[in-house]
Amino acid sequence: MSLPTESEFQTSLNNLTKELHSILTNFYEKEPDSEEFRNLLGYALVITSETETRENDKQQLLNLLNQAQKDPKFAKSQEFMDKLLSRVSTNSIDDNQINAFTAMADNYGNLTSYQATNSRLSYSLESFFRLAEFFGAIPESSKAKIQDSLQITQRYLYNQSGNIDNSFKVGDYVISFEGDPSFTDPFLYGGNFSISYQKSDELLTSLASNFDSTQSFFDILNKREQLEKQNQELHNKQSFNGIPNAFI
């Protein structure tokens, strides 16, 4: 199964949000003072908060990556790495695990924080709809749509958190890493990773939007291959190096 696009993810997340509101409204009308409603409402508030946090974390990460992309010296600096990743030594975990993980959460870098938020949002969405199903709050007519939307949303979030495949795309940046595909491995424990800048080629977009059905299909393919080659050459010039596991 291929990874969902950002647009597919957003559409599915919007669908889930609408279903969530519908479930809460119907449940409130029937049992406004019930413990079941309060539990569902609690998860719904968490989902709302995590969705907003995810957007904020994403924007902060993109701001940092944009700064590094424009300033190669900054991309090679320890300051950049400190802002990007968690800055807590894992040696302290053995001494006091609870305090270590609390300190780790308080000192997340932009990338680590973004990935952690994706994981939490995925978990919260699954928990809400699993609980709603357990309470019998999901109409039979909505179950298939919710299941499909939840699958797309979670698959996208899992990828963005580093738990599916060894790379993911944020804005115009592709982040790739080695080892176990989990943010707790390459980013907290110093695994090798790279970040490359891959801005969309407007020429390819223009070619697709100006497609003339009278043209030969093979002519279109030939032109596309030429443009993709030019785009790759441009990408190679735009990529830049960092220390020792920053941009390439």
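**View 1. The lining of the second largest pocket mixes four nonpolar, four polar and two charged residues.** This close-up comes from a predicted model. The residues around the pocket are Leu3, Pro4, Thr5, Glu6, Tyr156, Asn159, Gln160, Lys169, Val170 and Gly171. Two elements, helix 8 (140-160) and strand 1 (167-170), each supply two or more of these lining residues. Helix 8 gives the most, with three residues. The space inside the second largest pocket comes to about 180 Å³. As general background, rolling a probe the size of a water molecule over the atoms reveals where empty space remains.

**View 2. Three antiparallel strands make an open sheet, in the order 1-2-3.** Strand 1 and strand 3 (193-197) sit at the edges with a single partner strand each, so one side of each has no neighbour in the sheet. From one strand to the next, the twist averages 20 degrees. Helix 2 (residues 35-70) packs on this sheet and touches strand 1, strand 2 and strand 3. Here is a geometric detail to look for: the direction of helix 2 makes about 90 degrees with that of strand 2.

**View 3. Strand 1 and strand 2 form a hairpin with two residues between the strands.** Within this hairpin, Gly171 adopts a positive phi near 60 degrees. Gly171 is also one of the residues lining the second largest pocket, as is Val170. Which residue of strand 2 is the bridge partner of Val170? That partner is Tyr173. Strand 1 and strand 2 run antiparallel and are joined by four bridges.

**View 4. Five bridges hold the antiparallel pairing of strand 2 (residues 173-177) and strand 3.** Three facing pairs are good places to start when you zoom in on this pairing. Tyr173 stands opposite Tyr197, Ile175 is across from Ile195, and Phe177 faces Phe193. Tyr173 thus appears again here, having already been met as the bridge partner of Val170. Four of the five residues of strand 2 are buried, so strand 2 is largely enclosed by the rest of the structure.

**View 5. Side chains of strand 3 point both ways, and all are buried.** Phe193, Ile195 and Tyr197 point one way, while Ser194 and Ser196 point the other way. The general rule is that side chains in a regular strand alternate between the two faces of the sheet. How many of the five residues of strand 3 are buried? The count is five of the five, so strand 3 is largely enclosed by the rest of the structure. Strand 3 nevertheless stands at an edge of the sheet, with a single partner strand.

**View 6. Ser124 belongs to helix 7 (residues 110-134).** Is Ser124 buried or exposed? Its relative accessible area is 5%, and Ser124 counts as buried because the cut-off is under 20%. Setting aside neighbours within four places in sequence, Ser124 is in contact with Tyr43, Val46 and Ile47.

Note on methods: Residues are numbered from 1 along each chain as its sequence is written. This is a predicted model: local features need pLDDT of at least 70, side-chain atom pairs count only at pLDDT 80 or more; totals for chains, interfaces and linings use all residues. Side-chain values use heavy atoms; hydrogens and water are left out. On a 1 Å grid over the protein atoms alone, a cavity is a set of points where a 1.4 Å probe fits but cannot get out, and a pocket is an open set with protein on both sides within 12 Å along at least five of seven lines; lining residues have an atom within 4 Å of a point. Grid points are joined across faces, edges and corners, and a volume is the space filled by probe spheres set on the points. Ala, Val, Leu, Ile, Met, Phe, Trp, Tyr, Cys and Pro count as nonpolar, Asp, Glu, Lys and Arg as charged, and the others, Gly among them, as polar. Two strands pair if DSSP finds at least two bridges between them. Axes are lines fitted to C-alpha atoms, for helices over the stretch in contact, and angles run from 0 to 180 degrees between N-to-C directions. Contact means heavy atoms within 4.5 Å. Buried means under 20% relative accessible area, exposed over 50%, partly exposed in between (1.4 Å probe, protein chains only).
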